[in-house]
Amino acid sequence: MGQGPSKEELMAALVAEIKACRRCPLHATRKNAVPGEGNLDADLMLIGEAPGRWEDEKGRPFVGAAGKLLDRLLASAGFRREEVYIANVLKCRPPGNRDPRPEEVEACTPFLDRQIQIIRPKFIVTLGRHSTRYIFSKAGLPFKRMSDVRGRPYEVEILGLKVTVIPTLHPASALYNPSYRSLLEADFELIGRVVKGLVQPERPGKAEKRVGLEAFMG
């Protein structure tokens, strides 16, 4: 029996599908879809919320001011941007950078699920409440506030993969509230230690779990 498609072939097909997507009204207001980019063999995957103005202009994730901060945070944790994979929950910019709507998340996240399945990361860093809420829903974990979960590694199963999830704030939050900068720096220092095996993740018990997308939609 021959081998199946390579990661590169699978991702290229997915990117083409994302660029042609008409699943929700956001396609009508975007300049460019922003599928994601990075190392397809990355151990570490970062998931943000949605493209902003500069991402929409260039068709690449995290290329504005928040992206520059993310690059510095990654470097502080011992990573180069090209070593990781970066994606968003939504692949198109919501007008005015408003929050993603539940129906947009429902339409778009099958793309993110497929990216996770192609890359098969060992570690996922969720950037902000929207990506944390979605990934926690896939892992069957409850989510209420970022302050309850940020900076804590969780060993979970997502899409049949054993993954360590580490929630943190979205880098853009530190641009509006400089006091968040130190929290992000502390979280990325932890991320570096977790990836190196210096910190063991938590294993949530069954009593803590709540299965399904209802946690996101509720």
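**Exercise 1. Find out why Cys108 has no disulfide partner.**

Start with the rule: a disulfide is a pair of cysteine sulfur atoms within 2.5 Å. Next, look for the closest cysteine sulfur to that of Cys108: it belongs to Cys21, 6.3 Å away, so the two are too far apart for a bond. You're looking at a predicted model, where local features need pLDDT of at least 70, side-chain atom pairs count only at pLDDT 80 or more, and totals for chains, interfaces and linings use all residues. Residues are numbered from 1 along each chain as its sequence is written, and side-chain values use heavy atoms, with hydrogens and water left out.

**Exercise 2. Do the same for Cys24, then give the disulfide count.**

The closest cysteine sulfur to that of Cys24 sits in Cys92, at 6.3 Å, which is too far for a bond. The rule gives 0 disulfides.

**Exercise 3. Decide whether Cys24 and Cys108 are buried or exposed.**

Buried means under 20% relative accessible area, exposed over 50%, and partly exposed in between (1.4 Å probe, protein chains only). Cys24 has 16% relative accessibility, so Cys24 is buried. Cys108 comes in at 11%, so Cys108 is buried too.

**Exercise 4. Work out what surrounds Ile86 in strand S3.**

Strands are DSSP runs (E, at least two residues), numbered from the N terminus. S3 covers residues 85–88; Tyr85 and Ala87 point one way, Ile86 and Asn88 the other, and all are buried. Now the neighbours: two strands pair if DSSP finds at least two bridges between them. S1 (residues 37–38) pairs with S3 in the antiparallel sense over 2 bridges, with Glu37 as a bridge partner of Ile86. S2 (residues 44–48) pairs with S3 in the parallel sense over 4 bridges, and there Leu46 stands opposite Ile86.
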